[in-house]
Each structure stands twice: as structure tokens, then as C-alpha cells.
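Let's take a walk through this structure together, one piece at a time. Have the sequence and the 3D view open as you read.

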Amino acid sequence: MNSWKKRFLILLLVSLFIVSVVAGCGSSNNSKEATSNDETNNQPAATDNETVDTDETSDSNGEVITLDFLMCWNGASSQFPEDMESSTIAQELAKKTGVMLNVETITTNETEKLNTIFAAGDVPDIVNAPYWSTLPGGEGAAIKKAATEGLILELDPYIDKFPNVKRMMTEGISQSYKEYDVEHPDYGGKHYVIPQQTPRTDADVTHWAYNVWVRQDILEELGVEPESINTSEKLYELMKKIQAGNFVDINGKPVIVSGTWHNGWNYHDFLRSFSRGTVSNWRVIDGELTHWIMDPLEDQKVLFMRKLISEGLFDPEAYTQTDTVAKEKIATGRVAVLNAHYPHLRDFMRQTLYKTNPEMKYVPVGPFLNAEGQVYSAKESRGRTGSPVLFLGKDCKDPEKALGFIDYINSDEGLLLVTYGIEGVHHTIVDGKPQLTEEWQDIKLNDPTRFVNEGLVFASNFIGADPRPSMWPEEEDPDYERAKEVTPLEFYDGINANFVARDYPNREIYEENTAALDYGKEFQRATFAETDEEALQILNEFRQKLLDAGLDDYIKYMQEECPKIENIVY
Amino acid sequence: MTKVAGYKKSIGDRIFNFVNYTLLTLLGISTLYPFIYALVLSFNDGHDALKGGVYFWPRVFTLDNYSRAFENPNILGAFKISIARTVLSIILSVFLTALLAYAISKKGLPGRRFFIFFFYFTMLFSGGLIPRYILYRNLGLTNNFWIYVLPGLYSFYNAIVIKTYFDGIPDSLSEAAEIDGCSELQIFFRIMLPLSMPVLATISLFVGVGNWNDWFTGEYFVTKKELIPAATLLNKLLSEASFESSAGADGFQNINEALQMRRNVTPESLRMTFLIIITVPILCVYPFLQKYFVKGVMIGSIKE
């Protein structure tokens, strides 16, 4: 090659080399840049001050815009039509609201996805994401930070026009959740998130019916009535009888007396008699407020589980087994006594054990009595604490249309459309209640993909203060009703003490000092101890570690602050 | 067992051979069996498999697990994307990496140590996910097919492997070519590359398998359905199955149970099926490259 050609080539390659090195520097004019605490960015475009009567269900003016929607839940893509444009319900919604969605779903960690979109400034028009709490480390914290940095649209200029959206922000959420998370003090009185998947009334709350379940055929053979097992001690005696009874699973293998699902979920229900019926990490014992770890009942829990394990009444693999291993045991009826909530047990067993061995049906035992002598109940705050939320990106193409879309779905007309479809096509009205036609009932059961693609599922992800469970109750399931009776649902009002604990001035230091401590693992280690003394020693060592980390001071703070709150709930 | 003329195997040799072959056979089975197990489970009814006891053949044969994968309307497109990115990446990456390796193998290259350190540094540190996302977005690579090819073109580890191989080729060959009037490029194409087939086959397989199995890029940097590769799509189907198996997650409508029951598939059976789907194409290619691996088994070892 001529030397000048060679030199030209060298210069060209070196230039390319340098360009590739500096390519990442600087910013693009086309990118949405993250801003920080710039109030002007929170101001919406000029708004229309006319109030709109949203009881009128007028069609949009024909103009349909496409809004980018991020469903920030790992694996939730199965709830959305493959192609929104072809979905009948999505098209109807577009006619009514002028909005068509371009849906993005994820199969990765939600917090990571949120951090990525916020850092890059690429926040979609509408996002549905978890918002369990705004404590550091989770999705809620990422959303709160983004809101305070101006990446999320402030909703106050708009919500008066959309009463259904406004209702979602005020109803169906607990007082604690509202004050400490939805209207976090850092928001300065402004509103950014719309809680979703919340109930409208107590009757709309899902009662999961967690229970202790025993194989019915075993109980019948032993002549034990489920209602007679009302304490942990009586459960222990039942387990001893099962152990002596030589019961087997469907393959003829001896049963494991008691066990759990993956990773020990949920052995705590075996310990119901050692519960005080509290709902927070704080207890009043002999008139004095203290942390749950200092409760003497914790000693009894450890000793009870140790007894079960040392006498071969509890599956030693339960704490660490994978989902696959756990299901292999349970699907064959190998675990005589287990815990679960009713829907989980029902859905799994219907597809496995109950198909071939209906006589091995599991029934709930109880009701149990707790340490206070009261019936053990599932406690729920009135209104949900922690929920999915919807929020709009700062650069949402059309906030009014986006909110109008959500508002319409939550109207009476919208709820009917997105749940039961179009009258005469997907459903008919029978005795004043909508009912899917036979054709669509069959499709729902046998071709659920088509049901989803029609659009009869996805819009549930925009509903809050949901009245549907009580408005359109589903067919009663006697087993579910029985499970609900055995473990009743009880509502409480007031401020949960855990929220008061958030304001402890040294909370972050305390959490940093205790970050490496894992009570679950210590508890499990204690239950495998050789003797009771050794088990209690492990428990007391853990207590000491918390005290060394500053638990005493934490308790003193709570003892001072909690009495100041009138409706504090422990 | 071949007999060397004039050499009779002693009893000790025979015993050793017997034990040796037995152990190696057991090792082979323990390596092969997990794959066989995955294959068997992929053809077994998902809920039946939960009961355990399936070892060497399906107890309840079904093609439902494969149907679930292939009924997705995007699956063929996803495979096309996977094939395209794998082929392009192999060709471009291997060529450019070999070019880099040749350059840094030349002891007379000005600034050689600087260049080696410059590329080596990239092996030690990474900017992290978010800076990468911002960089790709600014370069227009997000939602673009070239996200699968361009960022992965250079791997310094691969360059070192090729450079080590080049170091083993006698200098006299390139000197002779230089005397005959060849330029560096001509030496590279006519002497170095033809003699380096084993290492190029090895690197091609590294690059190919890496691209074929990569689901991460499609998940984080691409949102257009028509652009996601097979590994990302199969991962998405697996996540959907796990989501569907969590009862009550969809609240009022409870479609999850119906979605699960439409076929007897479970996340576990789907996981095995996807493993087979994603591995079989690589298994089909491997025999064609095997001879090069045999030759290339000493790559990176000490050269005399």
C-alpha cells in the first residue's frame, strides 16, 4: 500500500478510536433529562378550569392518542392482550376516552426498572408500580424520590375534575398509609400517586383465610373433629396421633406429620396460641410498651417449634426447601398438616391431588384461641396499607386524557365494560346483575388467552376503591366460607404503631446496626437446638444484639410518643 | 484398547483401565443425566411431574409445554432476531477481535503497553446498568437491532486468547512473507487467520453461545415486541407462568387459575422446556466445530 494511503488509513482508524472513546460524554438534546427540585417543572401546561361532570359518559371527540403505559410488575404481561389495537375492550375504551395504550411489561426486578427509568428520565405516560412503603430500599422509596425531584406529575391541578380518581386517592386506604406514604410529608401537601387495587368497603376486602389444614381422611380415621383443635397444644397432640397412625401418601410413602410450602411458608400459623392478636412490632405487656422480641411468648414459640422438630413432627427440610420440592410433597398428600391461605391451597390442589384423590381434601382446624383467650383472627386495617399505585410521568403527553382514562374505568359504566364487556356481546343482565354469556364463560374457562386478548382482564390494573366484589359477588364456595369462619377477619381503625416508629430520630442508625441480623434464621437455628436451654440461649443472644444496637432507646422513644396519639393501635 | 507391538498389559494396567473407565463413565453419566432429566420433564405433564418419580422417561407424555412456547405469535420472529444477532456478532466480533489481537501481538507497535492497559481496564470495571442505559439511549441503540451487536463487538478476554495463539505462530513465517512484499494486512489475512482456525472456532463458539443465550439485553434495552430475541421471550413466558401460579394475584377476576389450567404446564415444566429449546440449536452446531476444539485444546498453554 502507498505510504500516504497507509497514513490516511491509520489516521482514520485512530479518529474512529477516539470518537468511540468519547461517544458517551455529553448529553443528547433529544433525551428527557432528570431534573432536581425545580418547581417550574411541576407546573402543568395551561389547564382548563371548567369542571366536568363525569357522570356524563360522553364519547371522546374522536381523536385517539396513544399513551405509553408501563406495568412495572414482574411477569404481569399475561394480563394484557397480545395486541392492544385488536382488543375489543381496548377499542371501546379508546372510543370513550380517546386513549389507546402502548403497553410495556417487565420480567425483572421492579425496583431496578424504576431506578432505570427515573435515572434516564424516561418515565412513561402512565406507570403502575408497587408502593408498599416509602421506607428506604424499595419501590416506594424510588417513587417518592422521583416525585420530590420533579419526575412525576403533580396531580392536584387535575383531580377535582376526575371524582373517581379522587375517590381512589382517599377511599380504601388506611389512615396510616395515607398519612405516611400516599401523602408523605416530603410531598409538601401535593399528590403524586393514585392507590390502586384497594377495596371500597369492608365487604370488598379479600379475606385470604389463612388456616391450619389437615387431611380430612386422616381426621376421620382418628375420629377427631376439626373444631376440637383450638390450641397449639391440641394441635401438637393431634400430630402425635398422626405420627403413630402410619398414614401414607398416594405413593404409599409415610406422611410427614407437618410441613410447609417453600422456605417455611407459613409455619407461624402453628403458633397461633402464642399470639397476642397485635398488628405491629410493639406490645403492651403488663402495662408497659415494649418491642415484640422482648415478649416472653417468643420463648414459648421457640420451645414449641423445637419440640415439634425434636419429636419428628415437623419436616426438617421445610425451612429451606424450594418451591418445587415443597410442591412435590404436597401434591402427593405427603404432608398431613400444613398452612396456607385458602385460594392458594384450592388452586394448587384442584390441579393436582384433588383430581386423583378427592378423599385427601384438606380441611381447616380451629378456630384457635390466642394467648389472650380470644379467637385468633386475621387483622386488617380498615383500608389497605401498601398497594400498587398509578402515577403519570412529568412529560405525560396528555395528563387530562390519561386521568380521564383512569376515571372512566372507575365509573359505574367503565367498571361494567372492563369486567363484563359489552352487553349483548359478552354479557347479559340477569336479576339486575351482569352475567357472562355461556359462550364467554366457556371461553374464560377453556381459552383464557382469548379472554385476556379480548381485553376483559387488563383494566383491573387501573381500578381502585373497587366495589366489584360486593357489587357483583361471585358464586359462593362453601369451603371458602368455612375457612373464613374458622379464621375470621377483623378490621381495626387508627394509626399503626409501626408508622409512629418511622419517626424515631435514630431509626436509620438502628437499622444500619441491625441490618445483618436475621431473626428468622436465628429462630430456625434455635428450633434445631439440642436442648431447650440452648434454644433459649440463642434467642437471648439475639435479644442482646438488638439491645446493643440501641433497642432500649428505641423502646423509650416509643413509650414517650405512642401515648400522645389518641387512636394508636398496637 | 490398542496393543502396542511387543507390549503386554499387566494385571495392574488392566485393573487401572477398568477402574478408570468406570469412573469416567460415571462422570459422563452425572454430566449427561441432568440434561436427560430436563428433556424428560419437558415432555411430561407439568402437574404430574410435581408428584415426583419421573427419572428416565415421561410418565404422562405431553407436548403441551412446547405448545405453550410456540403458540406465542412472536416466537418465530424472536428466533429470527436471535439467529441474526448471533451470526452477525460472530462474524464481526471474531474478525475485529482477531484484528486487535494481531495488533497487540506486534512487539513493535508504538504505545503497545498503553493500548493493552486501556483495553484491559474495561475488564476490571463497568459503569453499571443505569449509565449503560443512558449511554445506549443517547447513542440511539435502545429499541434498535444493533444493541445486540455493537456493544459486544470487543471482548478483551477473547483478544488475549487469540493473541496468545498468534504468539505461538513462528515469527519466521510473517518475516518471510514480509520479505516477499506482503503488507501487515496481507500477512494477517493470508498467514495468521488461516493458521488460527482452532482459536477462531473457539472464540466463535464463545461469542455465539453468549449471544444466543443472552436475555438481558432484550429485557432492559428493548421494548418493541418485534425486536426481542428468543431468550428474552422465553424468559418472559416463564415469568408469566410464575405470575399466573401465584393465586389471588389478580384479585377479583381470578383468571390466573384458568390460565394455568388451560394446559398442564407449571413454571417448573416450562423452565425445563425452555432449557431444551434454547440448547438444541447450539448442540446442532457443536459437532461441526468439534475438530477445532480438539486441535485447540492447548490454547493458552505454554508455547515453546
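A good place to start is a single residue, A:K329, which sits in helix α11 of chain A, a helix running over residues 323-331. Keep in mind as you look that this is a predicted model.

Is A:K329 buried or exposed? It counts as buried, because it has 25 C-beta neighbours inside 10 Å, and 20 or more are enough for that label. Some of its company comes from elsewhere in the sequence: once you set aside the neighbours within four places, A:K329 is in contact with A:I256, A:G259, A:R334 and A:V335. For a sense of distance, try A:D466 as well. That residue is 137 places away from A:K329 along the chain, and 37 Å lie between the two C-alpha atoms.

Now zoom out to the whole of chain A. It splits into three parts: domain 1 is made of two stretches, 64-203 and 385-469, while domain 2 covers 210-380 and domain 3 covers 495-569. Let's look at how domain 2 and domain 3 of chain A meet. Their C-alpha centres are 26 Å apart, and 17 residues of domain 2 are in contact with 22 residues of domain 3.

Which elements give two or more residues to the domain 2 side of that meeting place in chain A? They are β8 (288-291) and α10 (297-310). Of these, α10(A) gives the most to the side of domain 2 that touches domain 3, with seven residues. If you sort that side of domain 2 by class, you get 10 nonpolar, four polar and three charged residues.

Over to chain B, where we can go through the same steps. Here the division is into domain 1, residues 11-66, and domain 2, residues 70-298. The centres of these two domains of chain B, taken over C-alpha atoms, are separated by 29 Å. How many residues of each domain take part in the contact? In chain B, 14 residues of domain 1 are in contact with 12 residues of domain 2.

On the domain 1 side of chain B, the elements giving two or more residues are α1 (11-42), α2 (46-49) and α3 (64-70). The top contributor to the side of domain 1 that touches domain 2 is α1(B), with four residues. As for the mix of classes, that side of domain 1 of chain B has six nonpolar, six polar and two charged residues.

How values were computed. Residues numbered from 1 in each chain as written. Chains lettered and ligands numbered in written order. Predicted model: local features only at pLDDT ≥ 70, side-chain atom pairs only at ≥ 80, totals over all residues. Domains from an automatic or database assignment. Contact = placed C-beta atoms within 7 Å. Nonpolar A, V, L, I, M, F, W, Y, C, P; charged D, E, K, R; others polar. Buried ≥ 20, exposed ≤ 12 C-beta atoms within 10 Å, placed from the backbone.
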